[in-house]
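Reader: I work at the bench and would like a close look at a single part of this model, the way the helices of the first chain pack and what surrounds that packing. Could you take me through it slowly, and then set it against the rest of the model?

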Amino acid sequence: MSVLNQIGAVTAMNLRSIPRRVGSSSVIVIGIAGVVGVIVAVFGMTRSLSQALVDTGRPDRAIVLRSGAQNETSSTLLVDALATIRNAPGVARTSAGDAAASAEMLASVNLIRREDGAQAAVGVRGVEPTSATIRPEVKLVDGRMFRPGLRETIVGRGAHHEFNNLEIGDRVGLRDSQWTVVGVFESGGDANESRLLTDAQTLMSAYKRTAANSVTVLLASEGSFDEFKTALTTNPTLSVSVERERDYYQRQSEDANTFFGLVTTFVGVIMALGALFAALNTMYSAVSARTVEIATLRAIGFGAGGVVSSVLAEALLLSFTGALVGAGVAWLLFNGNTVGIGNTVGTLVFQMHITPALLGSGVLLACIVGLIGGLLPALRAARMPVATALRATA
Amino acid sequence: MKYLPLIWAGLWRKRVRTILTLMSVVVAFVLFGVMHGVTAGIDQIVNQMSDSRLRIQSRVNITEPLPYAQLARIESVPGVMSVGFYNFVGAYYREPRNGISAGAMDISRLKAMFPEVAISQEAIDAMAQTRNGALIGQDLAKERGWKVGDRIPLRSTIWMRKDGAQDWTFEIVGIYSGFDGKVPSNEFWINYQYFDEERTFGNGTVTLYFARINEPARSAQIAEQIDGLFANSPNETQTQNERDWLRGRIAQIGNMAFFVNAIIGAVMFTLLFLTGNTMMQSVRERIPELAVLKTYGFSSAAVVSLVLGEALVLCGAAAAIGLGIAQAASPSIFRAIGAGGLSLPWGVIGSGLGVAAIVAIISALPPAWRTQRISIVDALAGR
């Protein structure tokens, strides 16, 4: 029999006999399923979080903050600065001919989370009418747009899902004023979906503020950024920092990314290590339970190649099955789940997405663990002296 | 105890299997130790918080300021012994990256409000005499190499000075340490009067109030009374004792509890399931050996206890190693989440060993029990 035929025959025989070893085979399947499930879920969470943060950026939008401010909430821009920013070169124009720049104010309000009744903060963003041009991704899914001058607000899909009392017609108590929810919007799953949007002027007068937090502009083109930034940063009357929106949100997600990255790496490494040891252990046991069987095969002339490849094939098949089960369960349980992560000034509500790429990586990892776990026992089985093995009582 | 050599020999019969089983269980318990350690650590911090000190902030959100005028009214509430306040400043030193946790307050009220802060009377007096004086925490002083007498220019992205200057210059007049070293002493405290006079907006407001009460048991009622003073006014308050506030803050972080518990559960289950199965198989394979022991005269009970003993020693040792690693790693982990100074509570180690014992018993008992009924002759023949 040629080597390939041998390998084929032994492997086929091995695989066909798996049903007789359902007990120990299912152990590997369940074990790998658990490992893959956890890794997919944890990585899925981290990816979905960065996605929600980074998605809030468009390459042709820029954000202007007070020089040195790390984020919008800790930045203050005075009225004089706003006019200069609006008139800077590189800014697109709305259909009415105005500069596509929106001086915005941020506030926060504590509301009750639907899920567990805990109190958490929701961000409020006051925008200028030019925001419609600057943010075309904001689309109403229910109700209507707020009217400037009236204390009305629209709520993002994420915030609407996560918090109580944000239905159309409900009132939200902001500083010394009651605001009515008149619509629900979606904006492509970005950070604004976790906020309330309203008119900047109305919000500022309710809070008795004259200063804005930031200015968001739509650039005439992606390339206009440099021109825009230089004009503002070289202006001696201004003390501002200018960033592309994408970079700004990238920076915001860095802290969360680092923390979650650490958690993910920690859990991932532990799971992979544990899976490796456990897979090795189980495959060793599986092989040693069949020492006599394998020795018999070798005694009648089958070469080591067939033995090794059959054990590997079995390990691979079982790991693959386990990976599918684990990935499937993780997808069923977590895909599409809404998660809210918050601090004192806002809660980011995002959806967990278990992507095919993630599932694929999980399955690949399982197969690698299975291969390594099956290789050493397979080699051991192939090299055991036949006579000793035949007499073995394991 | 005299069976220990037997147990030891039994463990090392299949060296590779024992080591791999050991490693799997060690890994499972490192995770167990770290995860439960962090939860227990957080509980510890919460319980250390005072329940005789109330925290008063705007009902709308922490970012909304409260008028200074509320101070006198809060002081008049029965049960309130003393009131202090804090205004969040949010500054940086030279580079925006070098954030400094700065706050403005009336230092003369500090000791009454926070007796756990160690500060000399001279420092407090110096603050009263130096308008732009600053008190800094021990850890901050060490980190930056600042000492009493240094003049430090800070900048703020939120607050602007009336004279238009970018820098707020302070003179360090004292160094405090506090909270028994459990919470980092890294704040930069300045005089509220100076700060309020120099800033361009928000004058006459503070970020929050603290109220010391004489009866912790009545903290909820006193809190309600304080909030009642300002209900239906433009500046409604939300008053809680510090412990409840911290619990709320932690809950605010997110609905991650389900996620974290699910993961720990899945991980422990998977690793221990695989390990338990291997141990079960190991016992089954050794039935002929156990039969030999029985022919020597070991009673059934002795055989069962030998098998159990092996499993317990293996799981116990692995759990101890895993928890030991978690214990060694916990200082760095706690520092990473900002809770430096804590250590793994003994309760976690105790419950970890308990779980190990349960796993050992569940894996080894069923096959061991069956050895009671084996026919020695059949067992010796390998049937």
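Author: The radius of gyration is taken here over C-alpha atoms, and the globule rule that serves as its yardstick is 2.2 Å times the number of residues to the power 0.38. The model is predicted, and by that yardstick a compact globule of 394 residues would have a radius of gyration near 21 Å, whereas chain A has 30 Å. The C-alpha trace of chain A spans about 95 × 45 × 30 Å along its principal axes, and the chain has 12 helices and 12 strands. Buried residues make up 48% of chain A, and of the contacts between residues at least 6 apart in its sequence, 83% join residues at least 24 apart.

With that frame in place, we can turn to the helix pair. Two packed helices are described by the angle between their axes and the distance between the axes. For H2(A) and H11(A), the latter formed by residues 356-383, the axes come within 9 Å and cross at roughly 145°, and the crossing is right-handed. On the H2(A) side the contact is made by Ile32(A), Val36(A), Ile39(A), Val40(A), Phe43(A), Gly44(A) and Arg47(A), and these are met on the H11(A) side by Leu358(A), Leu359(A), Gly362(A), Leu365(A), Ala366(A) and Gly370(A). Sorted by class, this contact of H2(A) with H11(A) has nine nonpolar, three polar and one charged residues.

Which residues have the most contacts inside the largest nonpolar core? They are Val36(A), Val38(A) and Val40(A), in a core that has 161 residues, and H2(A) gives the most to this core, with 17 residues. In soluble globular proteins, nonpolar side chains tend to be buried together. Val40(A) shows how the helix pair joins this interior: leaving aside its neighbours within four places in sequence, Val40(A) is in contact with Leu358(A), Leu359(A) and Gly362(A), and also with Gly326(A), Ala327(A), Ala330(A) and Ile354(A). Apart from this core lies another, of 43 residues, among them Ala134(B), Met160(B), Ile175(B) and Ile190(B).

The helix that packs against H11(A) also has a part in the contact between the chains. That contact takes 52 residues from chain A and 46 residues from chain B. On the chain A side, H2 (22-54) supplies at least two residues, and so do each of E2 (101-112), E3 (119-127), E6 (171-174), H8 (245-289) and E11 (338-343). The largest share of the chain A side comes from H8(A), with 13 residues, and by class this side has 27 nonpolar, 20 polar and five charged residues.

The partner chain can be described in parallel. Chain B comes to 14 helices and 13 strands. Its radius of gyration is 31 Å, well over the 21 Å that the globule rule gives for 383 residues, so chain B is more spread out than a compact globule. Its C-alpha trace spans about 100 × 45 × 35 Å along the principal axes; 37% of its residues count as buried, and 80% of its contacts between residues at least 6 apart in sequence join residues at least 24 apart.

A few single residues help to complete the picture. Leu140(B) is found in helix H6 (residues 138-144) of chain B and counts as buried because it has 20 C-beta neighbours inside 10 Å, where 20 or more is the cut-off. Beyond its neighbours within four places in sequence, Leu140(B) is in contact with Asn186(B), Glu187(B) and Phe188(B). By contrast, Asp163(B), in the loop between E8 (151-156) and E9 (168-178) of chain B, is exposed, with 7 other C-beta atoms within 10 Å. The C-alpha atoms of Asp163(B) and Thr200(B) are separated by 8.9 Å, although these residues are 37 apart along the chain.

Two asparagines in loops deserve a look at the backbone. Asn165(A), in the loop between H5 (157-162) and E6 of chain A, has a positive phi of about 60° although it is not a glycine, and it counts as exposed, with 12 C-beta neighbours inside 10 Å. Asn232(B), in the loop between H8 (219-230) and E13 (237-241) of chain B, has a positive phi near 60° and counts as exposed, with 6 such neighbours.

Note on methods:
Residues numbered from 1 in each chain as written. Chains lettered and ligands numbered in written order. Predicted model: local features only at pLDDT ≥ 70, side-chain atom pairs only at ≥ 80, totals over all residues. Contact = placed C-beta atoms within 7 Å. Helix = DSSP H or I, 4+ residues; strand = E, 2+ residues; numbered from the N terminus. Nonpolar A, V, L, I, M, F, W, Y, C, P; charged D, E, K, R; others polar. Axes fitted to C-alpha atoms, helices over the stretch in contact; angles between N-to-C directions. Left-handed = near helix turned anticlockwise from the far one by under 90°. Core = buried A, V, L, I, M, F, W, Y, C linked by C-beta atoms within 7 Å.
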